[in-house]
Amino acid sequence: MSPAELIDHRAKIAFEVKTVLSAYFQPHEAEEIKAAQLAWWCDDLQAWTREQVVYGLRKWNKDNPRVRPTPGDIVRILEQTRGKKEAERMAAARKPEPPKASERITPEAASEIMRRAGYSAKRMTQ
């Protein structure tokens, strides 16, 4: 990501974070504290796409509507989601192929195979 793209990406993340956090209690804080907190959010979330960040923020809000999240809460949701998707992908890749249907051979064909291999069928008599 170029420096300009990174600045744009962080601005989009900051907008989404401010939007979700506006649903929670906002203590009166100095502007420099608010800016530092937003930078912290952007630092922790910039490795994720905007869509992933929005998903994590909304999931947190749905699961914890009364508790204000930290960046770590959202990163944990995103890592768990990525881990589940990766585990599903790996499990799908490991699925064994269904067994192939084996052909049944006739007793005559089995006798012919045995004869060619040098075996002869002995009958048991009493």
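Colleague: So helices here are DSSP runs, H or I, of at least four residues, numbered from the N terminus. How many helices and strands does the protein chain come to?

Modeller: Five helices and zero strands. This is a predicted model, and its elements run α-α-α-α-α from the N terminus on.

Colleague: What radius of gyration does the protein chain have, against a compact globule of 126 residues?

Modeller: The chain has 32 Å, while a compact globule of 126 residues would be near 14 Å. Along the principal axes, the C-alpha atoms fill a box of roughly 105 × 35 × 15 Å.

Colleague: And what share of the residues is buried?

Modeller: Buried residues are 20% of the 126 in the chain.

Colleague: Of the contacts between residues at least 6 apart in sequence, what share joins residues at least 24 apart?

Modeller: That share is 72%.

Colleague: Core next. How many residues are in the largest nonpolar core, and which have the most contacts inside it?

Modeller: There are 17 residues in the largest nonpolar core, and V17, W41, L45, L57 and I74 have the most contacts inside it. At least two residues of this core come from each of α1, α2 (31-45), α3 (50-63) and α4 (71-94). With five residues, α1 gives the most. As a general point, nonpolar side chains tend to be buried together in soluble globular proteins.

Colleague: Take I74. What does I74 touch, not counting residues up to four places away in sequence?

Modeller: I74 touches W41, L45, V53, G56, L57, W60 and P69. Among these partners, W41, L45 and L57 are also on the list of residues with the most contacts inside the core.

Colleague: What about E16, buried or exposed?

Modeller: E16 has a relative accessible area of 9%; the cut-off for buried is under 20%, so E16 counts as buried. E16 sits in helix α1, residues 3-21.

Colleague: Which residues is E16 in contact with, leaving aside neighbours within four places in sequence?

Modeller: R50, V54 and L57. L57 is one of the core residues with the most contacts.

Colleague: R10 is in α1 as well. What does R10 touch beyond residues up to four places away in sequence?

Modeller: A39, C42, D43 and Q46. R10 and A93 are 83 residues apart along the chain, and their C-alpha atoms are separated by 35 Å.

Colleague: Where does E29 lie?

Modeller: E29 lies in the loop between α1 and α2. Its relative accessibility is 21%; partly exposed covers the range from 20% to 50%, so E29 counts as partly exposed. Leaving aside neighbours within four places in sequence, E29 is in contact with K34 and Q37.

Colleague: How far apart in space are E29 and R94?

Modeller: They are 52 Å apart, C-alpha to C-alpha, and 65 residues apart in sequence.

Colleague: Now pockets. How much space lies in the largest pocket?

Modeller: About 290 Å³. Its lining has 15 residues, with L21, Q26, Q37, W41 and R68 nearest the centre.

Colleague: Which elements give two or more residues to that lining?

Modeller: α1 and α2 do. The largest share, five residues, comes from α2.

Colleague: And what is the lining by class?

Modeller: Eight nonpolar, three polar and four charged residues. W41 and Q37 tie this to what came before: W41 is one of the lining residues nearest the pocket centre and is touched by I74, while Q37, also on that nearest list, is in contact with E29.

How values were computed: Residues are numbered from 1 along each chain as its sequence is written. This is a predicted model: local features need pLDDT of at least 70, side-chain atom pairs count only at pLDDT 80 or more; totals for chains, interfaces and linings use all residues. Side-chain values use heavy atoms; hydrogens and water are left out. Buried means under 20% relative accessible area, exposed over 50%, partly exposed in between (1.4 Å probe, protein chains only). Contact means heavy atoms within 4.5 Å. A nonpolar core is a set of buried Ala, Val, Leu, Ile, Met, Phe, Trp, Tyr and Cys residues joined through side-chain atoms within 4.5 Å. On a 1 Å grid over the protein atoms alone, a cavity is a set of points where a 1.4 Å probe fits but cannot get out, and a pocket is an open set with protein on both sides within 12 Å along at least five of seven lines; lining residues have an atom within 4 Å of a point. Grid points are joined across faces, edges and corners, and a volume is the space filled by probe spheres set on the points. Ala, Val, Leu, Ile, Met, Phe, Trp, Tyr, Cys and Pro count as nonpolar, Asp, Glu, Lys and Arg as charged, and the others, Gly among them, as polar. The radius of gyration is taken over C-alpha atoms; the globule rule is 2.2 Å times the number of residues to the power 0.38.
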